[in-house]
Amino acid sequence: MYRSIEIQVSKPFDTEPANRERSKCERLLRRAEFSVAKGLDGYDFSNVRLPDGYALDSLPDLDFVPRAQDLVFHGKTGRGKNRLAIGLGMRAVERGLNVRFHQTAELVLQLGKAKRDGSLDAMPGDIGRADLIILDKFGYVPFDIDGARLFHRIIAGGYERRSIASATNIGSGEWGTVFADDKLAAAIIDGIVHHGRLLEFTGQSHHAGEALMFGRTSAGPASEPKEKTKEQAGTLLG
């Protein structure tokens, strides 16, 4: 599941330090628990709209991490939000940073279980050691009020201490429906946007464009007309 972090060893006496560095990176990679390990190589930024004054080079350089700034990736399903978030997380691991990747709904379930088991204090402690937290599918599943409060504890605990990158398909105006409480949603939004940037993901769904069931293969599109394929994708995803 995980790819090895390759480190060049130029001299025999460098072998031991290089092995230690490699072991550290592999350990950080396991702890990150990415859903899939994909780097930034080949990533298409053409449909990523950056905020004014934010240069594209700043993103893969991870300049937001030491500043404890947050990123919100917003766009419809299949636009590359997850891939970019994981790519940045992989880059952070390669630089020796602690990263935690979570499906947001699963994280809330884990927090609820930890609370019932009396082990809640340990979870924020582990997350608190992260330099970068990636929250995938943020807002896809509504929380109950207790889950929202537990989630807010994670957000508030990282305020101005670590970076959070959230991938979501809903606008901030709809967050009240996700967190079951408008005031709590407002507090979470305020904590994220104060030191955060919004990246908009546009274009067509990569999933639909590459779907084998619509006649797509790695060699390119099949003979079926492009417009018909797009119509089928819209029917399936709509």
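In the predicted model, Asp-117 has a relative accessibility of 49% and is therefore classed as partly exposed, a value that falls short of the cut-off for exposed residues, which lies over 50%. The side chain of Asp-117 is engaged in a salt bridge with that of Lys-113, with a distance of 2.8 Å from N to O. Lys-113 is likewise assigned to the partly exposed class, its relative accessible area being 48%. Both partners belong to helix H3, which spans residues 104-117, and they are separated by 4 residues, or about one turn of that helix.

This pair belongs to a set of 4 salt bridges that a search of the whole structure returns. Another member of the set joins Lys-115 to Asp-146, where the closest N and O atoms are 3.0 Å apart. Because Lys-115 is located in H3 whereas Asp-146 is located in helix H5 (residues 145-157), this salt bridge ties together parts of the chain that are 31 residues apart in sequence. Lys-115 is partly exposed at 43% relative accessibility, and Asp-146 is also partly exposed, at 33%. A further salt bridge is formed between the side chains of Lys-137 and Asp-136, with an N to O distance of 3.5 Å. Here the two partners fall into separate accessibility classes: Lys-137 is partly exposed, with a relative accessible area of 38%, whereas Asp-136 is buried, with a relative accessible area of 4%.

The two helices joined by the salt bridge of Lys-115 with Asp-146 also pack against each other, H3 and H5 having axes 9 Å apart and inclined at an angle of about 100°. Since angles of 65 to 115 degrees are counted as roughly perpendicular, H3 and H5 are described as roughly perpendicular to each other. On the H3 side the contact is made by Thr-104, Leu-107, Val-108, Leu-111, Gly-112 and Lys-115, and on the H5 side by Asp-146, Gly-147, Leu-150, Phe-151 and Ile-154. By class, the residues of this contact comprise 6 nonpolar, 3 polar and 2 charged. Both Lys-115 and Asp-146 are thus listed in the contact as well as being paired in a salt bridge.

H5 also packs with helix H7 (residues 182-193), at an angle of about 20° and with the two axes 10 Å apart. This angle makes H5 roughly parallel to H7, and the crossing of the two helices is left-handed. In this contact, Ile-145, Ala-148, Arg-149, Phe-151, His-152 and Ile-155 of H5 meet Leu-184, Ala-187, Ile-188 and Ile-192 of H7. The residues involved divide into 8 nonpolar, 1 polar and 1 charged. Phe-151 takes part in the contact of H5 with H7 and is also named in the contact of H5 with H3.

Outside these helices, Gln-69 is situated in the loop between strand S1 (48-49) and strand S2 (70-75). Despite this position in a loop, Gln-69 counts as buried, because its relative accessibility is 16% and the class covers values under 20%. When residues up to four places away in sequence are not counted, Gln-69 touches Phe-64, Ser-163, Ile-164, His-195 and Arg-197.

Notes. Residues numbered from 1 in each chain as written. Predicted model: local features only at pLDDT ≥ 70, side-chain atom pairs only at ≥ 80, totals over all residues. Heavy atoms only, no water. Buried < 20%, exposed > 50% of the residue type's maximum accessible area, 1.4 Å probe, protein only. Axes fitted to C-alpha atoms, helices over the stretch in contact; angles between N-to-C directions. Parallel < 35°, antiparallel > 145°, perpendicular 65-115°, else oblique. Left-handed = near helix turned anticlockwise from the far one by under 90°. Contact = heavy atoms within 4.5 Å. Nonpolar A, V, L, I, M, F, W, Y, C, P; charged D, E, K, R; others polar.
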